[in-house]
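Trainee: Please take one part of this model and go through it closely, then set it in its surroundings. I would like the cut-offs stated as the terms come up.

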Amino acid sequence: MENSEKTEVVLLACGSFNPITNMHLRLFELAKDYMNGTGKYRVIKGVISPVGDAYKKKGLISAHHRVIMAELATKNSEWVEVDTWESLQKDWVETLKVLRHHQEKLEASSCDPQQDSPRLERPGRKRKWAEQRQDFGQKELLEPKTKDVPKVKLLCGADLLESFGVPNLWKREDITRIVGDYGLICITRAGNDAEKFIYESDALWKHRNNIHLVNEWITNDISSTKIRRALRRGQSIRYLVPDLVREYIEKHDLYSPESEERNVGVVLAPLQKNTAEANS
Amino acid sequence: MFVNGPIMGKGSGLPWWVWCCGSYLDLCPLSRKVNKIKFLGKETRESLCCRKHRQILCHIALPLEHLLLEDSRVATAVGVEVPDKMKSRIPVVLLACGSFNPITNMHLRLFEVARDHLHQTGMYKVIGGIISPVNDNYRKKDLVAAHHRVAMARLALQTSDWIRVDPWESEQAQWMETVKVLRHHHSELLRSLPQTEGPDHGRAHSLAPTAVPELKLLCGADILKTFQTPNLWKEAHIQEIVEKFGMVCVSRTGHNPKEYISGSAILQRYQHNIHLVREPVQNELSSTYIRRALSQGQSVKYLLPDAVITYIKEHNLYTGDSS
């Protein structure tokens with residue numbers, strides 16, 4: 001299949017990244033290999049979108065540190081980058097809105113390839129990106145079709161998929177739009193459980209072709225929770241997170257028993273929002 | 001004098017911290033200073049002398065008489081005899097043998113996890129780590145040339161300040177048993193120590209016996225299982241390894257090291273010299289997986305250091321063409 005016939009895909013990962021670990025970075029690599037391997041897609045970009053402080057998760061440290069760590073982690077990556085839009089919002093933003101924001105951004109820049117986007121994280125890459133867009137730019141003039149615009153898809157682990165079942169954490173309509181309009185790429189160890197979960201949900205089942213389950217054959221259990229715990233106990237986190245991230249954490253002494261106590265007793269933003277709306 | 005704090009240790013009955021003159025005191029196992037500590041919560045105290053040395057001190061049961069105050073006054077409880085010297089921590093070097101075909105982040109983790117564990121026992125101080133890639137004559141399937149494996153390990157260890165690669169084993173004319181590699185490195189270690197022959201070289205004391213460094217075999221818990229494979233190891237060698245040197249075994253999913261120990265008389269006898277370390281971050285990463293992924297053109301980024309990946313690409317290793 002010609003490259004131009006493949007659907008271009010941008011992988012978007014939302015999450016706390018508190019801190020970012022080698023496992024998060026592996027998600028991108030696994031997803032890219034899988035999607036490119038189907039022959040139908042071409043992954044052109046990966047985006048890490050750390051959640052804003054207003055999420056109010058226990059132990060969540062300031063967004064600006066989490067963003068910097070993610071940028072340090074992706075410094076040596078040619079295709080994964082960090083986007084700060086979500087983290088800069090005053091209120092917590094639903095994942096669906098983040099997806100929409102990024103899709104609209106792609107559509108906007110595909111209509112006008114010469115336009116400089118306001119947030120230039122990597123000027124070199126942007127230039128290459130603009131060149132790619134130019135080919136499509138020509139086509140756009142003749143047939144303004146969204147078909148040539150890259151598609152944003154949500155990249156996640158199985159835990160996010162299963163969190164769809166937590167009451168009031170997600171809005172039902174949001175879930176439907178996420179899998180219907182955008183698509184999900186879910187990296188999982190226990191493929192059977194994930195498949196079962198999809199089977200048991202009408203909304204997910206309907207859009208099952210838009211949910212890609214990627215098997216992670218080797219267990220790579222580097223969770224941020226374990227990293228924070230190791231740091232509190234003075235244990236090494238070397239080789240679990242990129243060296244630059246580890247040095248940054250040490251230099252700024254980011255994680256301690258106190259930082260873990262942040263937001264204790266506070267209701268998680270989506271739960272608060274969805275419960276309030278349900279009650280209103 | 002001093003008042004013991006509430007006993008919160010691990011069943012030993014000894015207090016892990018004491019309250020003295022209005023502050024909590026405790027011993028930082030790495031700087032070996034007794035400091036005021038900040039009580040931060042149930043699990044953690046922070047030693048204020050050296051933020052880097054934050055440790056879980058509650059695992060260490062220190063007899064009261066082993067505490068020295070910052071200005072070297074000895075804190076004593078009435079009626080307790082204080083020895084002249086602090087018991088020294090035993091210096092340890094960790095030696096990992098294996099194919100390292102290629103080296104991965106998991107191999108590197110073994111060292112970090114083992115070091116943390118030994119430090120937290122309060123008895124050891126890890127002073128170095130050695131990676132010893134196996135000789136080509138081991139003839140394991142898909143083993144790439146030793147000089148490559150050594151070069152990759154060297155690249156991986158560029159940023160480490162305590163682990164190094166030693167090509168001695170790989171440079172020998174034939175494959176050699178692990179115990180011989182241990183013997184070699186141990187004698188090298190002893191040779192590199194300052195000499196204290198003769199009664200007096202201007203030093204007040206000769207080297208205390210506990211200061212002689214020990215060389216321990218670092219491995220995954222799966223190696224303990226291979227001791228049971230007939231003809232793979234010589235009985236005498238297994239004994240020498242656990243008796244004269246000692247092992248540090250890091251757990252791996254699917255292996256129950258305690259079972260392997262209890263299933264062997266020799267291992268049971270020297271189990272005090274076999275340190276079982278739990279790695280909380282379960283990781284099934286293996287060189288086999290890496291080789292397969294590479295031969296299928298898949299990404300291995302973040303599973304091994306970038307410098308090693310670059311080397312592999314530059315030298316066209318593990319492409320799947322049979323060697």
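Mentor: Just after H11(A), A:Asp253 takes a positive phi of about 50°. The helix in question covers residues 243-252 of chain A; helices here are DSSP runs of H or I with at least four residues, strands are runs of E with at least two, and both are numbered from the N terminus. The model is a predicted one, in which local features need pLDDT of at least 70 and side-chain atom pairs count only at pLDDT 80 or more, whereas totals for chains, interfaces and linings use all residues. Residues are numbered from 1 along each chain as its sequence is written, chains are lettered from A and ligands numbered from 1 in the order in which they are written, and side-chain values use heavy atoms, with hydrogens and water left out.

Within H11(A), the buried residues are A:Val245, A:Arg246, A:Tyr248 and A:Ile249. These four span an arc of only 160° around the axis, so they sit on the same side of H11(A). The arc is taken from the directions that lead from the helix axis to the C-beta atoms. Buried stands for under 20% relative accessible area and exposed for over 50%, with partly exposed in between (1.4 Å probe, protein chains only). An α-helix has 3.6 residues a turn, so residues three or four places apart point the same way. On the other side of H11(A) are A:Glu250 and A:Lys251, both exposed. The buried residues pack against H2 and H10 of chain A, contact being heavy atoms within 4.5 Å.

Both of those helices lead further. Take H2 of chain A, residues 63-73, which holds A:Arg66. A salt bridge is counted when a side-chain nitrogen of Lys or Arg is within 4 Å of a carboxyl oxygen of Asp or Glu. A:Arg66 makes one with A:Asp53, with 3.2 Å between the closest N and O atoms. A:Asp53 belongs to the loop between strand S2 (41-50) and H2 of chain A, so the bridge ties together parts 13 residues apart in sequence. A:Arg66 is buried, at a relative accessible area of 0%, while A:Asp53 is partly exposed at 35%.

H10 of chain A leads to the interface with chain B. There, 31 residues of chain A are in contact with 30 residues of chain B. The area buried between the two chains is about 3,000 Å², and carbon and sulfur atoms give 46% of this. Buried area is the accessible area (1.4 Å probe) that two parts lose on being put together, summed over both. In chain A, the residues losing the most area to chain B are A:Ile218, A:Arg233 and A:Tyr239, which together make up 23% of what that side buries. The rule finds 0 salt bridges across this interface, but 13 residue pairs are in polar contact, both residues being at pLDDT 80 or more. A polar contact is a pair of N or O atoms within 3.5 Å; within protein, one must be able to donate a hydrogen and the other to accept it, and residues adjacent in sequence count only if both atoms are side-chain atoms. H10 (224-232) is one of the helices of chain A that each supply at least two residues of the side touching chain B, the others being H1 (22-38) and H12 (257-260). H1(A) gives the largest share of that side, 6 residues. By type, the side divides into 12 nonpolar, 8 polar and 11 charged residues. For this split, Ala, Val, Leu, Ile, Met, Phe, Trp, Tyr, Cys and Pro are nonpolar, Asp, Glu, Lys and Arg are charged, and the others, Gly among them, are polar.

Elsewhere in chain A, A:Lys171 and A:Glu277 form a salt bridge at 3.9 Å, N to O. A:Lys171 is in the loop between helix H6 (158-163) and helix H7 (172-182), and A:Glu277 is in helix H13 (residues 269-279), so this pair ties together parts 106 residues apart in sequence. A:Glu277 is partly exposed, with a relative accessible area of 39%.

As for the chain that holds H11(A), chain A has 13 helices and 6 strands. Of its 280 residues, 54% are buried. Among the contacts in chain A with a separation of 6 or more, 77% are between residues 24 or more positions apart.
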